[in-house]
Amino acid sequence: MKKKQWPGWGPGEQAEQHYLVQPRVLAGGGDIRHISQFLRASGWRDKSISGGPLFMESPDRTIRIAYDPYVLPGGWTIHGRADGGNGEWSAHLGRQTPVEIVAGLTDALTRPRSAHAPNVWAPLREQNWHTRSKGEYYVATSPDGTAWMQYHQDADGSRMWWTGAKDEQGNGWTAHFTPNTPMHLVQAFSTELASPDPVMRPRGRVPHSAQIRTWSVSVKPSPLSAWQQARITAARAATWARNSPRSTRPRTSARPYTPAGGARTRR
């Protein structure tokens with residue numbers, strides 16, 4: 001396989017093999033720093049104990065995020081306290097939920113809520129997900145059948161959001177949101193869930209699945225680090241803008257890192 005160097009590589013840097021993975025829902029958990037570094041840059045408190053699970057708290061102490069890989073089934077727990085307009089809520093996401101999809105929700109926690117009414121199903125329909133009513137359920141399924149999202153309301157009025165992804169070998173993840181979870185957060189999650197963009201994983205961290213497609217890319221540390229830093233810088237800039245009444249609000253997210261000039265080899 002012939003590999004091409006990308007412009008901007010520093011002298012003496014050694015290329016590292018990574019893979020672009022589609023569909024993103026089956027790419028595996030990924031690096032939790034994608035979430036934790038963004039939250040720190042947004043002013044969240046890191047209350048983790050060294051060597052223990054990740055534990056972070058919002059600046060106003062109303063929302064807590066934990067990631068624990070040391071228990072079964074493990075994964076993400078996000079908990080919001082009740083406020084004047086919303087009851088207590090929580091979200092639980094499996095350990096293999098890709099961090100890029102989890103970040104749809106966690107990044108949204110750092111931003112002001114949009115004035116527009118949220119629509120959880122709109123991002124799914126835009127990506128041609130199949131939607132249907134099924135008894136007490138309303139269900140959306142991805143075009144390839146690997147991912148789903150559903151809303152369930154029992155006759156007694158109890159409600160729940162349930163979502164996940166699974167390949168033919170049974171590998172995957174599930175997540176659920178309690179009924180009081182703010183809808184703009186569920187929509188932010190569904191937007192990333194439905195995104196057709198691939199995500200990047202280093203060699204050795206790509207799941208073995210017949211349902212995924214991968215492209216090999218040679219990545220040197222400097223461009224990869226630059227993208228990670230751009231995401232952190234965007235979070236800091238947005239935090240500063242929110243606390244500065246004379247400033248306009250900038251974009252709060254960086255574009256996903258997809259190397260345009262490198263050689264890709266599909267496998």
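How exposed is Arg61, in terms of relative accessibility? In this predicted model, Arg61 has a relative accessibility of 49% and therefore counts as partly exposed, since that class ends where exposed begins, over 50%. Arg61 sits in the loop between β3 (54-57) and β4, and its phi is positive, at about 65°, although Arg61 is not a glycine.

## Overall make-up

The protein chain holds five helices and 14 strands. Of its 267 residues, 44% are buried. Among the contacts in the chain with a separation of 6 or more, 59% are accounted for by residues 24 or more positions apart.

The largest nonpolar core has 46 residues, and those that touch the most other members are Trp76, Ile78, Leu109, Met149, Phe189 and Leu193. Another core, of six residues, lies apart from it and includes Met200, Trp215, Val217 and Val219. As a general background, nonpolar side chains tend to be buried together in soluble globular proteins.

## Helix α2 and its partners

Helix α2 (residues 99-108) is largely enclosed by the rest of the structure, because 10 of its 10 residues are buried. Val99, Ile101, Val102, Ala103, Leu105 and Ala108 are among these buried residues, and so are Glu100, Gly104, Thr106 and Asp107.

Two packed helices are described by the angle between their axes and the distance between the axes. The table sets out three such pairs.

| Helix pair | Angle between axes | Distance between axes |
|---|---|---|
| α1 and α5 | about 30° | 8 Å |
| α2 and α4 | roughly 150° | within 8 Å |
| α1 and α2 | roughly 25° | within 9 Å |

The axes of α2 and helix α4 (residues 183-194) cross at roughly 150°, which means that α2 is roughly antiparallel to α4, as the angle is over 145 degrees. The crossing of α2 with α4 is right-handed. On the α2 side the contact is made by Glu100, Ile101, Gly104, Leu105 and Ala108, and on the α4 side by Leu185, Ala188, Phe189, Glu192 and Leu193. Sorted by class, the residues of this contact are seven nonpolar, one polar and two charged. Phe189 and Leu193, named here for α4, also appear among the residues that touch the most other members of the largest nonpolar core.

With α1, the axis of α2 makes an angle of roughly 25°, which means that α1 is roughly parallel to α2, as the angle is under 35 degrees. This crossing of α1 and α2 is right-handed. His34, Ile35, Phe38 and Leu39 of α1 meet Val99, Glu100, Val102, Ala103, Thr106 and Asp107 of α2, and the contact of α1 with α2 comprises six nonpolar, two polar and two charged residues.

## Helix α1 against helix α5

Helix α1 (residues 33-41) also packs on helix α5 (residues 221-242), at an angle of about 30°, and α1 is therefore roughly parallel to α5. The crossing of α1 and α5 is right-handed. His34, Ile35, Gln37, Phe38 and Ala41 of α1 are in contact with Trp227, Arg231, Ile232, Ala235, Arg236 and Thr239 of α5; by class, the residues of this contact are six nonpolar, three polar and two charged. His34, Ile35 and Phe38 thus take part in the contact of α1 with α5 and are also named in the contact of α1 with α2.

## Local features in the loops

Two peptide bonds that lead into proline are cis. The bond from Gln22 to Pro23 is cis, with omega near -10°, and Pro23 belongs to the loop between β1 (16-22) and α1. The bond from Leu72 to Pro73 is likewise cis, with omega near 5°, and Pro73 is in the loop between β4 (63-68) and β5 (75-80).

Like Arg61, whose phi is positive at about 65°, Asn128 has a positive phi near 65° without being a glycine. Asn128 is in the loop between α3 (122-126) and β7 (130-134), and with a relative accessible area of 57% Asn128 is exposed.

Lys47 is placed in the loop between β2 (45-46) and β3, and at 43% relative accessibility Lys47 counts as partly exposed. Leaving aside neighbours within four places in sequence, Lys47 is in contact with Phe55 and Glu57. Between Lys47 and Ala66, which are 19 residues apart in sequence, the distance from C-alpha to C-alpha is 9.7 Å.

Methods
Residues are numbered from 1 along each chain as its sequence is written. This is a predicted model: local features need pLDDT of at least 70, side-chain atom pairs count only at pLDDT 80 or more; totals for chains, interfaces and linings use all residues. Side-chain values use heavy atoms; hydrogens and water are left out. A nonpolar core is a set of buried Ala, Val, Leu, Ile, Met, Phe, Trp, Tyr and Cys residues joined through side-chain atoms within 4.5 Å. Buried means under 20% relative accessible area, exposed over 50%, partly exposed in between (1.4 Å probe, protein chains only). Axes are lines fitted to C-alpha atoms, for helices over the stretch in contact, and angles run from 0 to 180 degrees between N-to-C directions. Helices (H or I, at least four residues) and strands (E, at least two) are DSSP runs, numbered from the N terminus. Angles under 35 degrees count as roughly parallel, over 145 as roughly antiparallel, 65 to 115 as roughly perpendicular and the rest as oblique. A crossing is left-handed if the near helix is turned anticlockwise from the far one by less than a right angle, and right-handed if clockwise. Contact means heavy atoms within 4.5 Å. Ala, Val, Leu, Ile, Met, Phe, Trp, Tyr, Cys and Pro count as nonpolar, Asp, Glu, Lys and Arg as charged, and the others, Gly among them, as polar.
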